[in-house]
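Trainee: Could we go through this one together? I'd like to know what stands behind the labels people put on it.

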Amino acid sequence: MNKKIRKLLRQAKDIIVGWSEKPHVVYAVIATVGVVGFALITPPFQGPDEESHYVRVQYIANGQLFPSESMELPTSIVKVAYITFYDKDIRGRTNQHYDLSRTKEALKIPYHTGETYKPVLVTYSPILYLPAVPGVALANALNLSPLISLYIARISLGLVAVLLFFLSIKLIPNKKYLLVAVALIPTLVFQQAVVNADSISYALLAVFIAYILN
């Protein structure tokens, strides 16, 4: 029995040592779990200004790279936002809880409703949202609820941000675990799990810094 235990301990040690020599892999595993977890458990539109950034993704998915006064989107987006967010914003209210029945109700609303509205004009660069566009466009084509495309956008943007940080950690010549520690700051991981422009911009900055140092 002692020999088996020692063998298992040696194997565990070899695995830990092997992983410690691959900080980019360590980061990718932890960050992927964190990003996907945050994306799934965070109530809809509860990220910072997430409703506005999601509308920006919808602009692009509908072929409008830049904001225009003539731009219109289906009212289903507003309906889903009101059901899940506007009518009862829980951000900053620790004594309130999100009711999952709101999500179930929003999932019943199809993307195409026959009615349109003029959305708020958001002027961030379209490049920062491109990873989310194919999945959102496909969800729209399938007439899925905007709520589904919101989660698609979250996970798409988050995973691409993780990939970019993964590449930057692999590329940087030294202090790799310092960059891992920065990239795994909980606030940054959470930010990568909701729809916004910052997650991709920070990840691109990390790649740029790693490239320069390399």
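**Labels and what backs them**

Mentor: Let's start with Glu 72, which counts as partly exposed at 39% relative accessibility. Keep in mind as we go that this is a predicted model.

Trainee: Why is Glu 72 called partly exposed?

Mentor: Buried means under 20% relative accessible area, exposed means over 50%, and partly exposed is what falls in between. Glu 72 has 39%, so it gets the middle label.

Trainee: And what makes the contact between Glu 72 and Lys 118 a salt bridge?

Mentor: The cut-off is a Lys or Arg side-chain nitrogen within 4 Å of a carboxyl oxygen of Asp or Glu. For Glu 72 and Lys 118 the N to O distance is 3.7 Å, so the pair qualifies. Glu 72 lies in the loop between helix 3 and strand 1 (73-74), and Lys 118 in the loop between strand 2 and helix 6, so the bridge ties together parts 46 residues apart in sequence.

Trainee: How many salt bridges does the structure hold?

Mentor: There are 2. In the other, Arg 154 pairs with Glu 50, and their closest N and O atoms are 2.7 Å apart. That value is within 4 Å, so the salt bridge label holds here as well. Arg 154 sits in helix 7 and Glu 50 in helix 3, so this pair links parts that are 104 residues apart in sequence.

Trainee: Are Arg 154 and Glu 50 buried or exposed, and how do you know?

Mentor: Arg 154 has 0% relative accessibility, which is under 20%, so it counts as buried. Glu 50 also comes out at 0%, so it counts as buried too.

Trainee: What does the overall layout look like?

Mentor: The protein has 10 helices and 2 strands. Along the sequence they follow the pattern α-α-α-β-α-α-β-α-α-α-α-α. Of the 214 residues, 42% count as buried.

Trainee: Why are helix 6 and helix 7 called roughly antiparallel?

Mentor: Their axes cross at roughly 165° and come within 8 Å. Angles over 145 degrees count as roughly antiparallel, so helix 6 and helix 7 get that label. The crossing of the two is right-handed.

Trainee: What is there to say about Leu 130, in the loop before helix 6?

Mentor: Leu 130 is in the loop between strand 2 (116-117) and helix 6. Its relative accessible area is 42%, between 20% and 50%, so it is partly exposed. The C-alpha atoms of Leu 130 and Ala 153 are 9.6 Å apart, with the two positions 23 residues apart along the chain.

Trainee: What makes Asp 49 stand out?

Mentor: Asp 49 has a positive phi of about 50° although it is not a glycine. It is found in the loop between helix 2 (23-41) and helix 3 (50-61). At 48% relative accessibility Asp 49 is not over 50%, so it counts as partly exposed.

Trainee: Which label does Lys 175 get, and why?

Mentor: Lys 175 has 62% relative accessible area, which is over 50%, so it is exposed. Its phi is near 55°, again a positive value in a residue other than glycine. Lys 175 belongs to the loop between helix 7 (146-171) and helix 8 (176-183).

Trainee: And Lys 176, where does it lie?

Mentor: Lys 176 lies in helix 8. Its 23% relative accessibility is not under 20%, so it counts as partly exposed. Lys 176 and Pro 23 are 153 residues apart in sequence, yet 6.6 Å apart from C-alpha to C-alpha.

Trainee: How do you know that Phe 85 is buried?

Mentor: Its relative accessible area is 3%, under the 20% cut-off, so Phe 85 is buried. Phe 85 lies in the loop between helix 4 (76-84) and helix 5 (100-107). From C-alpha to C-alpha, Phe 85 and Arg 102 are 9.0 Å apart.

Trainee: Last one: which residues make the nonpolar surface patch?

Mentor: Tyr 202, Leu 205, Phe 208, Ile 209, Tyr 211, Ile 212 and Leu 213 make it, and the patch covers about 760 Å². Phe 208, one of them, is found in helix 10 (residues 198-213).

Technical notes
Residues are numbered from 1 along each chain as its sequence is written. This is a predicted model: local features need pLDDT of at least 70, side-chain atom pairs count only at pLDDT 80 or more; totals for chains, interfaces and linings use all residues. Side-chain values use heavy atoms; hydrogens and water are left out. Patches are made of residues with over 30% relative accessible area and no salt bridge: like charges are joined within 9 Å, nonpolar side chains (Val, Leu, Ile, Met, Phe, Trp, Tyr) within 5 Å. Accessible areas come from the Shrake-Rupley method with a 1.4 Å probe; for residues, only the protein chains shown count as cover. Helices (H or I, at least four residues) and strands (E, at least two) are DSSP runs, numbered from the N terminus. Buried means under 20% relative accessible area, exposed over 50%, partly exposed in between (1.4 Å probe, protein chains only). Axes are lines fitted to C-alpha atoms, for helices over the stretch in contact, and angles run from 0 to 180 degrees between N-to-C directions. Angles under 35 degrees count as roughly parallel, over 145 as roughly antiparallel, 65 to 115 as roughly perpendicular and the rest as oblique. A crossing is left-handed if the near helix is turned anticlockwise from the far one by less than a right angle, and right-handed if clockwise.
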